[in-house]
There are 2 protein chains.
Amino acid sequence: MKTTSLETLSISQSPGLLDARKQDGLDPLSSIGDLFDLPPDLVYLDGNSLGAMPAVVPEKIQEAVTEGWRTGLIRSWNDRDWHILPLTLGNRLAPLMGANAGEVLVVDSTSINLFKTLSAALEMRPDRTEIVSERDNFPSDLHIIQGAITHFYPQHKLVEGKESDESILELIGPSTAVVTLTQVSYRTGLIRDMERITKEAHRAGALVIWDLAHTLGAVPVDLNAADVDFAVGCTYKYLNAGPGGPAYLFVADRHITDAVNPLTGWQAHADPFSFDTHFKPASNIDKFRCGTPGVLSYIALESSLDIFEMVDMETIRKKSKRLTTLFVDLVESFCNGYPLQLASPRDSNQRGSQVSFSHTDGWPIMQALIAHGVIGDFRAPDLLRFGFAPLYTRYEDVWLAASMLAHILESECWKDPAYTTPKLVT
Amino acid sequence: MKTTSLETLSISQSPGLLDARKQDGLDPLSSIGDLFDLPPDLVYLDGNSLGAMPAVVPEKIQEAVTEGWRTGLIRSWNDRDWHILPLTLGNRLAPLMGANAGEVLVVDSTSINLFKTLSAALEMRPDRTEIVSERDNFPSDLHIIQGAITHFYPQHKLVEGKESDESILELIGPSTAVVTLTQVSYRTGLIRDMERITKEAHRAGALVIWDLAHTLGAVPVDLNAADVDFAVGCTYKYLNAGPGGPAYLFVADRHITDAVNPLTGWQAHADPFSFDTHFKPASNIDKFRCGTPGVLSYIALESSLDIFEMVDMETIRKKSKRLTTLFVDLVESFCNGYPLQLASPRDSNQRGSQVSFSHTDGWPIMQALIAHGVIGDFRAPDLLRFGFAPLYTRYEDVWLAASMLAHILESECWKDPAYTTPKLVT
């Protein structure tokens, strides 16, 4: 059951490896990769779950803690504009999603933000009772919808389509209040046609909420060009804001007046520091705030946005497609004969920045890969999932990962009991 | 308009100052104060708004960032038990509120947690329609109740008592579903009789939710002895968890099965990493989780809890009463003749760890105080508010603050236009 090591693979002088290195040499984003701090002995293909750390983060957080908290103390809420971080960071995030300043807020968690926007949308369509989503949407999105129906919208029902856009479009009709979908599937990476679904939803008189968790930072998206109503997502994946970084929400400018946030914490008040006991919502997107923002979690996002402001999404997307295509090609070549099935779209235009392969023994195979220094993740029931963060993933990483996967399948080392023990977070 | 400086006051050899220093020398908590890092040139009396930084925080956060995020990457959710931080920190916070392990969760914001527990409580009393609170409760608490009624409980109404416990008790009756109050007033520091109000609420068949934002870490509280049903609060005041640190909620063990969280994000699922698309709540307090926790904001709380675990609440309370009493005495002596009115209870047993004085020109007076190195805060319409965090506030600070307030009133320097400009966060 002896496999090889990443180091052995790295010095192998294999033609494929040398070719990958050549591509890294030509990569316009290679200098951007140097702005991230990644351990040298890893191939990290899980930036779609927790993005790598921008190298300046320790320094920036240290500064926020020692100068902001320790020295500035309460004064830093004013002096460092901590109080308006949800809006200032929202304004900086907006261009990545084709939104305008004033349409995006960085706040709370994706689940909370979905609840807020779902409630806002349902109240804007009071005579309609159906919420359209996808059976295999990210569980939290479905859970939030289920909870909202159970507790607050008992007349409503959730109707679920399948992975194809057609199966969703079929469900949209005169009873549809809201269509809420994740644009890029967390399972397969399939990209939905946001523009088409949004248009059909609007034609039927419904509103849309898009979850961009697996889109933003890896796939270009233009919410206003697609006439999207609401969007939500997290910042700890391709946006590299660190573990549990704050989430965001988008409300199209045309809805800011009518859309109402039901979670009316004081930070959503028109003038929170008047300490007015009667709630009066802010007239701008601040109305979608709730409680006090967790400042430390915003600092890392600032560092990541500094990097995104140096690049353009088309360059990112181009590299993303090349990385994922190379991975599909190499795995299918190196692992030929093993029962791995490509679970992602073969056409890179239809694929986000991840590649999933199904394998009945996906769980122990992924554990073995991780133990050998190639970090992807497993998604039940059988998906080996690999994320390619174009800002810092190298073509060499792609080659190393595919080679290691082949070695692990060949050696059958994944059958070792060490790799079959379940873990809490997968 | 010349006032004095903190430094001049510090070297004044005034008998009152020397006496305060003597008390510091005898203070059993004086060595605990050394565990906090405060700027030397300040008298910080706003720990009830943003607590001071435990000295180890920079090192701990640095470690979490570089070893946890940068090196461990996604693996740290398991290897560092990040995923269960809401429960493990809840279990460590529990003894400070007389709760058992499994009854407290550190998660989301106070406002979100109030929404969750309010909804849970209202569903447990389906035939009752009144929510009892206080007219001068912290605005966010009232806003959350108002929003919940407007959007989800249109049959319910909010009935508001005044500051006295009697005015609350009068409102409790057969229609009362929930009584929700802040135990220690953010304005005056008045402590409500939690045991009595809870007992009367229960006698009437209602449930209670206590907001402990201005209690925990400064005033001993025993939720289970008082038979409390639910509680919420924040960690960034006396609990020193840093700007916007995560909030907490308490659910009495007897309600864990029946109480239902309506914000059903995936982290509330019985088995989140099964990626089950049908929501099934956890059977323990994890059912009150929602989205992914912001890890960095939890790290500082860990450092603060390390300190709380070295002291006992009775020692803290004893010092708290002495600090606030000394401040009342000194201000009333030094500022005799100026129109300052004590707005807090005169009896230290009825007072939390803060002292408020009203003054028509409270706003510019507080700005002048801050400019002279004494940091308290202002609460509309006319309160000068001073918080005394017993873990690190010294008797000398009390003397310096009272002396500086007297000098500022005497010099009338607060009339300088520099002190009349409003700021965002007060």
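This report describes the contact between chains A and B, and then helix α8 and its surroundings, in a predicted model.

In this model, 73 residues of chain A are in contact with 74 residues of chain B. The elements that give two or more residues to the side of chain A that touches chain B are α4 (57-72), α5 (76-79), α7 (110-124), α8 (139-151), α11 (295-308) and β14 (377-379) of chain A, and of these α4(A) gives the most, with 9 residues. By class, that side of chain A has 36 nonpolar, 28 polar and 9 charged residues.

Helix α8(A) has 13 residues, which at 1.5 Å a residue should span 18 Å, and this agrees with the 18 Å that separates its end C-alpha atoms. Its buried residues are A:P139, A:S140, A:D141, A:L142, A:H143, A:I144, A:I145, A:G147 and A:A148, and what covers them includes α7, β5 (130-134), β6 (157-161), β7 (176-182) and β8 (207-211) of chain A.

In chain B, the axes of α7 (residues 110-124) and α8 (residues 139-151) come within 10 Å and cross at roughly 45°; an angle from 35 to 65 degrees counts as oblique, and α7(B) and α8(B) are therefore oblique to each other. The crossing of these two helices of chain B is right-handed, and the residues that make the contact are set out below.

| Helix | Residues in the contact |
|---|---|
| α7(B) | B:T110, B:S111, B:L114, B:F115, B:L118 and B:S119 |
| α8(B) | B:S140, B:D141, B:I144, B:I145 and B:A148 |

By class, the contact of α7(B) with α8(B) has 6 nonpolar, 4 polar and 1 charged residues.

Notes
Residues numbered from 1 in each chain as written. Chains lettered and ligands numbered in written order. Predicted model: local features only at pLDDT ≥ 70, side-chain atom pairs only at ≥ 80, totals over all residues. Contact = placed C-beta atoms within 7 Å. Helix = DSSP H or I, 4+ residues; strand = E, 2+ residues; numbered from the N terminus. Nonpolar A, V, L, I, M, F, W, Y, C, P; charged D, E, K, R; others polar. Expected span 1.5 Å × (residues − 1). Buried ≥ 20, exposed ≤ 12 C-beta atoms within 10 Å, placed from the backbone. Axes fitted to C-alpha atoms, helices over the stretch in contact; angles between N-to-C directions. Parallel < 35°, antiparallel > 145°, perpendicular 65-115°, else oblique. Left-handed = near helix turned anticlockwise from the far one by under 90°.
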